[in-house]
Amino acid sequence: MTSDFADALASGPLVLDGGLSNQLEAAGHDLGDALWSARLLAEDSEAITRAHLAYYEAGADVAITASYQATFEGFARRGIGRERAAELLALSVESAREAARRARAGRPGRRLWVAASAGSYGAMLADGSEYRGRYGLGPGELERFHRPRLEVLAAARPDVLALETVPDTEEAAALLRAVRGLGVPAWLSYTVAGDRTRAGQPLEEAFALAADAAEVVAVGVNCCAPEDVSGAVETAARVTGKPVVVYPNSGETWDAGARSWRGRSSFAAERVRDWRERGARLVGGCCRVGPETVASIARTLSRK
C-alpha cells in the first residue's frame, strides 16, 4: 500500500506524541473511568484537542487519537448508542485534525499526521488484560469485535491506523484481517516484556505475521519499558523489512495498590539515538511521557 504517510516514513524519521492521558491529567482532568480519555470525547472534546496541540507544539509530527478505549461496547455500558458512538469515534480523528490545523497556523508548510488508535480487546475490558492477552475468544470473535470500529475510524480518514498495545499473536492476526480493504495504512505495535509479547510468544513469530501484510507500513512496540525496545527494534526490522515504530513508557512502574507511579524515568536521548540506528522510524512515548520528553526526542532525531 502506498500513501503520503508511507512516503513520509521513507523520507526520514517521524516524531510521535506522548501519553495523551497524562497530558489531560496535567490539565486537571480526572480519568478514573473505564472509558479513560475517551470519556472526554463526549464531555469535553476541546480538552483533547488542546492535549494534541501541546504535543504538536513540542515537536511531534504524529498525534495518536483518543480512541484507544473508545469502542461500541464500552460506550454502550455508559448508555451511548451505536450512532452516537460512531460520531464520537469520528470526533477523535477530527479533534486531532483540529489540533494539527492550529499547530500549522504559524507554520503553513508543516506536515502533520493523525494516527487513529485502535486498542486491544483488553483495553475495552478496562481490567488490565491488554497486558496479558489470551482472552479466551476465537480469532473470528476478535475480528468481529475490531472490524466495526476500524471501519468507522477509517471512514474519518486518518493518515494511518494505530493497532496498538497488542498483547499476543492471536489478536494481532485478527487485527490484520480486520484492516484489510479499508484503504488506510496501519501500523502494528505489540506491548512486550523482554523479547516476548505479554502473552509470552517470541517476537520473531509476532512480527512475522505482519511481514507480508500490504496494509501494514510499520511494526514495533509500545507501552513497554525503554529497556525492552532496542532488541525489539532489531527483531522487527530484520523479520519484516518494514519501518519500525516505538513508543515505550517512561520507565516508571505502576503500583496498582497505591494507584500511583513508582521509580524514575529511564527514557533518555541516548536510547532514542540507538533506536534510530537500529531501524526505528516512528519514535515517541506512551504512559508518563509528556511534551518535554517529546521535545527532546524531536531534537535528538533532527540530529544526524
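Which residue in β12 does Val246 stand opposite? Let's work that out and then look further around this predicted model.

**Exercise 1. Place strand β9 among its neighbours.**

Step 1. Begin with the opening puzzle: Val283 is the β12 residue facing Val246.

Step 2. Widen the view to the whole pairing. β9 and β12 (residues 280-283) are parallel and share three bridges.

Step 3. Now turn to strand β8 (residues 216-222), which also runs parallel to β9, joined to it by four bridges. Here Gly220 has Val245 of β9 as its bridge partner.

Step 4. Follow the chain from β8 to β9. Together with helix α11 (residues 229-240), these strands form a β-α-β unit that is right-handed.

**Exercise 2. Sort the side chains of β9 (residues 244-247) by direction.**

Step 1. Put Val244 and Val246 in one group, since they point one way from the strand.

Step 2. Put Val245 and Tyr247 in the other group, as they point the other way.

Step 3. Check burial: all four of these residues are buried, each with under 20% relative accessible area.

**Exercise 3. Explain why helix α9 (residues 169-178) is described as largely enclosed.**

Step 1. List the buried residues: Thr169, Glu171, Ala172, Ala174, Leu175, Leu176 and Ala178.

Step 2. Seven of the ten residues in α9 are buried, so the rest of the structure largely encloses this helix.

Step 3. Find what surrounds them. The buried residues pack against several elements, including α8 (139-155), β4 (160-166), β5 (186-190) and β8.

Step 4. Finish at the N-terminal end of α9, where Asp168 acts as a cap: one of its side-chain oxygens lies 3.2 Å from the backbone nitrogen of Glu170.

Terms used. Residues are numbered from 1 along each chain as its sequence is written. This is a predicted model: local features need pLDDT of at least 70, side-chain atom pairs count only at pLDDT 80 or more; totals for chains, interfaces and linings use all residues. Side-chain values use heavy atoms; hydrogens and water are left out. Buried means under 20% relative accessible area, exposed over 50%, partly exposed in between (1.4 Å probe, protein chains only). Helices (H or I, at least four residues) and strands (E, at least two) are DSSP runs, numbered from the N terminus. Two strands pair if DSSP finds at least two bridges between them. A crossover is right-handed if, with the strands pointing away from the viewer, the path from the first strand over the helix to the second runs clockwise. Contact means heavy atoms within 4.5 Å. A polar contact is a pair of N or O atoms within 3.5 Å; within protein, one must be able to donate a hydrogen and the other to accept it, and residues adjacent in sequence count only if both atoms are side-chain atoms.
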